[in-house]
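User: Please choose one part of this protein and take a close look at it. I am new to this, so explain each term when it comes up.

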Amino acid sequence: MHRLTRTVGRSLRFAPRGSISRLNTPLTSIRHFSVPPVQKDDHDRNEGNDADKKGGMLRGLITWKSVLLLTVVGAGAWVWFDSRKREQMDKIKEVKAVGTASIGGPFSLVDHNGRPTTDSDYRGSFMLLYFGFTHCPDICPAELQKMAGIMNRLEKVGFHKLVQPVFITIDPWRDSVSQVRDYVKEFHPSIIGLTGSPGAVTKVCKAYRVYVSKSGVVNEAKEKEDEDYLVDHSIILYLMGPDGKFIEFYSKTVDEEQAAEKIIGQIRKAIAIGEGGAQGDESTSLWGRIATVLSPKTDKA
């Protein structure tokens, strides 16, 4: 017994300290532990109930009656907006109709062959008119090229002889008769170039509501011009009727094809008016003469 005790003591002497404490722990003190289930507290349960309530309220609000009401309100708003837009367009048309009479007027200039010419010389023909200057670097050449393209398109339907393209310079200080002649012939043979005295050119620009801005000066001998000499102007093609009255204009955004189609439409309209005699004796004579000239070609067109 004593020997056994010394053996056990020797074994315990070399054993780790932790193992000794575990050996001294009675078996009855060892228990089994398990993780209890996580339970929601009152705050979480309240949030879930609120979400359910909101979902139920939302489902209650979205009914077929509410959808129908929204549809009716939306349709009414669209009808109101459309009617307002139509009213605005009608007002714009009225303004354009009132403004047409103030564009255009008599003028007395000189053509590119040196012959005096007036607006009356172009009666009986539509006049396609552009204001520019021969020293213009890019805009004027582009617009005159568009004018030439329009005339080529009119020729395809036989209407080119009814439209006279005209170029009027806004820079008479530099654009002489010979300068204008050499300039217009580069674009189309039917274009007539006009120049004149500064007073006459200024008058016609005002009559056609052309914006012109000039800075710098040119001396009378035209030997030397100011380095800061600049000219700015509006970019518009005017269509004048055979009676000399303004019909419509084509801005830079209207291309060659669109402008030609519009002019063809105006010519066909003029022919129809002349045949119907809807404009009175004087206009009927004018439009009727156009219809007589074009009647053999109109059927082919």
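Analyst: Two strands are said to pair if DSSP finds at least two bridges between them. Strands themselves are DSSP runs of E with at least two residues, helices are runs of H or I with at least four, and both are numbered from the N terminus. The model is predicted, so local features are taken at a pLDDT of at least 70 and side-chain atom pairs at 80 or more, while totals for chains, interfaces and linings use all residues. Residues are numbered from 1 along each chain as its sequence is written, and side-chain values use heavy atoms, with hydrogens and water left out.

The part chosen here is strand 8, together with what surrounds it. Some background on the whole protein comes before that. The protein has 9 helices and 9 strands. Of its 301 residues, 31% are buried, a word used for a relative accessible area under 20%; exposed means over 50%, and partly exposed lies in between (1.4 Å probe, protein chains only). A contact means heavy atoms within 4.5 Å. Among the contacts with a separation of 6 or more, 68% join residues 24 or more positions apart.

The predictor's confidence in each residue is given by pLDDT, on a scale from 0 to 100. The average for the protein is 75, and 59% of the residues score at least 70. Over residues 1-15 the pLDDT stays under 50, and the model gives that stretch 3 contacts beyond four places in sequence. Residues 27-33 are also below 50 in pLDDT, with 0 contacts beyond near neighbours in sequence.

Now to the part itself. Strand 8 covers residues 236-240, and 4 of its 5 residues are buried. What does strand 8 pair with? One partner is strand 3 (residues 126-132), joined to strand 8 by 4 bridges in the antiparallel sense. In that pairing, Leu-128 stands opposite Leu-239 of strand 8. Strand 9 is also a partner: it is antiparallel to strand 8, with 5 bridges between them. Leu-239 appears again here, as the bridge partner of Glu-248 in strand 9.

Strands 8 and 9 form a hairpin with 5 residues between them. In the turn of this hairpin, Gly-244 has a positive phi of about 85°. Most residues other than glycine have a negative phi. A residue elsewhere in the model departs from that pattern: Arg-209 is not a glycine, yet its phi is positive, at about 55°. Arg-209 sits in the loop between helix 7 (198-207) and strand 6, and it is exposed because its relative accessibility is 51%.

Glu-248 belongs to strand 9, which spans residues 246-251. Is Glu-248 buried or exposed? Its relative accessible area is 18%, so Glu-248 counts as buried. Apart from neighbours within four places in sequence, Glu-248 contacts Leu-237, Tyr-238, Leu-239, Lys-262 and Gln-266. Between Glu-248 and Lys-262, which are 14 residues apart in sequence, the C-alpha to C-alpha distance is 9.3 Å.

The end of strand 8 and the hairpin turn also contribute to an internal space. Rolling a probe the size of a water molecule over the atoms shows where empty space is left. A cavity is a set of points, on a 1 Å grid over the protein atoms alone, where a 1.4 Å probe fits but cannot get out, and its lining residues have an atom within 4 Å of a point. Grid points are joined across faces, edges and corners, and the volume is the space filled by probe spheres set on them. There is 1 cavity of 30 Å³ or more, and the largest cavity holds about 40 Å³. Its lining includes Met-240, Gly-241, Pro-242 and Gly-244, as well as Met-127 and Tyr-122. By class, the lining has 4 nonpolar, 3 polar and 2 charged residues. Here Ala, Val, Leu, Ile, Met, Phe, Trp, Tyr, Cys and Pro count as nonpolar, Asp, Glu, Lys and Arg as charged, and the others, Gly among them, as polar.

Gly-241 also gives a link to helix 8. Ala-270, in helix 8 (residues 256-276), has its C-alpha atom 9.0 Å from that of Gly-241, although the two are 29 residues apart along the chain. Ala-270 is buried, since its relative accessible area is 3%.

Key:
On a 1 Å grid over the protein atoms alone, a cavity is a set of points where a 1.4 Å probe fits but cannot get out, and a pocket is an open set with protein on both sides within 12 Å along at least five of seven lines; lining residues have an atom within 4 Å of a point.
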